[in-house]
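Student: I have a structure to read and I'm not sure where to begin. Could you walk me through it?

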Amino acid sequence: MNRQSALLDRLELSSPWMNATGFLGYFPPPRSNWVRSMGAFVTNPVSLLPRKPAFHRLVQPFPGGFLLHTGFPNPGIHNVIQQYAEKWAKIPVPVWVNVLAQTPDELPQLIEPLEDLENIGSIELGIPPGITLKLILELIRAASGEIPLMVCLGVDQIQIEWIKPIHEAGASGVVLSAPKGMLKVDNHIAGGRLYGPTVFPQMLKTVCRLAQFDLPVIAGGGIFSEADGETLLEAGAAAVQLDAVLWRNWEV
Amino acid sequence: MKTMNETRARISEIFYNPNGTGMRLACESPLHPLPGQYLLARTAGMQQIIPIPLFCRAVEGMDLIVAPPVPTDWLPGTEISLRGPLGNGFHPPATMRHLVLADLSGNQGQRLLQLASDVVETTVETALLSDSAPDELPIEIEFLPIKALNEVLAWADYLAVEVPLGQLGVLRDLAGLQSIREFPMQSEALVDAPLICGGIGACGVCSVKVSGRWQLACKDGPVFRLNQLSEEE
């Protein structure tokens, strides 16, 4: 068994191709053929309580990509479970639920209801930007339970010395998500996450640096062609997550 | 692999205009977007990373007359893939006799003109209110400045407005009302929000508060009943 297959086995994925959180909602689009070839379906982020959109939400294109700021609005975990749990059980691939928490206290209430559901393959724990390793480890320990835990960090956020403690704290893997950035929009500076082919070199470099560790790494940004994804897999990524390309290629 | 509701089209004509470029699209198969519905367009290249929302000014057989703005690097002959029609469009009443189109988005009302093109050969009288008049406005449509909105409200029996996210207060003030719930006739609003995923992403960048609940302009709109929109978030 080669390294790639071994990593997929560890994550219980049948394919290394997935969607990134925030790009296919809470359920695959109707008439979706692509979902059958995915390793897992990743939900949009969900928080303990309903969350409003950002007041200054925006999308701002720039050469090679776009900046997106939404505030990750969502109806809260209980409403999401009520609406989607039965549907998730019928998806032909495991569902990875992306959860958002600001403090460790929120996580047991967020995750325990998911443990009773069918077909939940993993929890993706979204790590807020700008927090310390100490708090990240507290969040991981608070989120650890029956369901495997993937830690979702911005590709600009992760530090190589964090990998060992994140692994030891109980994470099954790391998802590298889109980096944060800023642009001048209508005479003010706006922040958000950056998407597009321009992210790819940063993603590839980070995957190469992290491939030496035993912890599986999933590359979740900058992939706009099959060749991009294959390159990241060859560089050591266990799997790849597609983001805005899913809004361009309507085969999903 | 079968694609999702995709139509191929070719740009057959570009309409240059100081206020934004429009175009004529020759479609391989007929499309019938309702006024206010949109199409998502992409080209083979990566000049536009995210799909571009297109609104029609008119439908002529297999051709779509697309309202500005369209990307300036799109030229006659460019092949385009279209997804849609998408979203919720306008629903003017069958009994409508006086139609008012009002644009607060700086688009000269071009995204609203398909409503007028559907009724231009009927007895429906139409007024367009905007900050400037679009090119080739049919003579049957009266143009008025947007600040005349409160003067035509008593005359209108249906109002279709395009308004940017967060500008409902401006609309209310132009109409001389205390609240946008007070419009005296059936009124619908095309909310000018970023439409980038066609509803499949539910990312929330186009969130609109409707009847106290958050909805998505890309999927539930972009046209909403005006009296159900919230002026404050």
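Tutor: Happily! We start with pLDDT, the predictor's confidence in each residue, from 0 to 100. This is a predicted model, in which local features need pLDDT of at least 70 and side-chain atom pairs count only at pLDDT 80 or more, while totals for chains, interfaces and linings use all residues. Residues are numbered from 1 along each chain as its sequence is written, and chains are lettered from A and ligands numbered from 1 in the order in which they are written.

Student: Which elements of chain B have the lowest and the highest mean pLDDT?

Tutor: Helices (H or I, at least four residues) and strands (E, at least two) are DSSP runs, numbered from the N terminus. In chain B, helix H1 (residues 113-117) has the lowest mean, 89, and strand E15 (residues 223-225) the highest, 96. Chain B as a whole averages 89, with 96% of the residues scoring at least 70. For the complex, the predictor gives an ipTM of 0.90 and a pTM of 0.91.

Student: What is the order of the strands in the open sheet of chain A?

Tutor: Strands of a sheet pair through backbone hydrogen bonds, either parallel or antiparallel. Here two strands count as paired if DSSP finds at least two bridges between them. The eight strands of chain A run E1-E12-E11-E8-E7-E6-E5-E2, with parallel pairing. At the edges are strand E1 (17-19) and strand E2 (41-42) of chain A, each pairing on one side only.

Student: Is A:Asn19 buried or exposed?

Tutor: A residue is buried if 20 or more other C-beta atoms, placed from the backbone, lie within 10 Å of its own, exposed if 12 or fewer, and partly exposed in between. A:Asn19 lies in strand E1 of chain A, and it counts as buried because it has 27 C-beta neighbours inside 10 Å.

Student: Which residues of helix H6 of chain A are buried?

Tutor: They are A:Phe200, A:Met203, A:Thr206, A:Val207 and A:Leu210. These residues cover an arc of only 130° around the axis, so they sit on the same side of H6(A); the arc is that of the directions from the helix axis to the C-beta atoms. On the other side of H6(A), A:Pro201 and A:Lys205 are exposed.

Student: How many residues of chain B are in contact with chain A?

Tutor: Contact means that the C-beta atoms of two residues, placed from the backbone, lie within 7 Å. By that rule, 23 residues of chain B are in contact with 29 residues of chain A.
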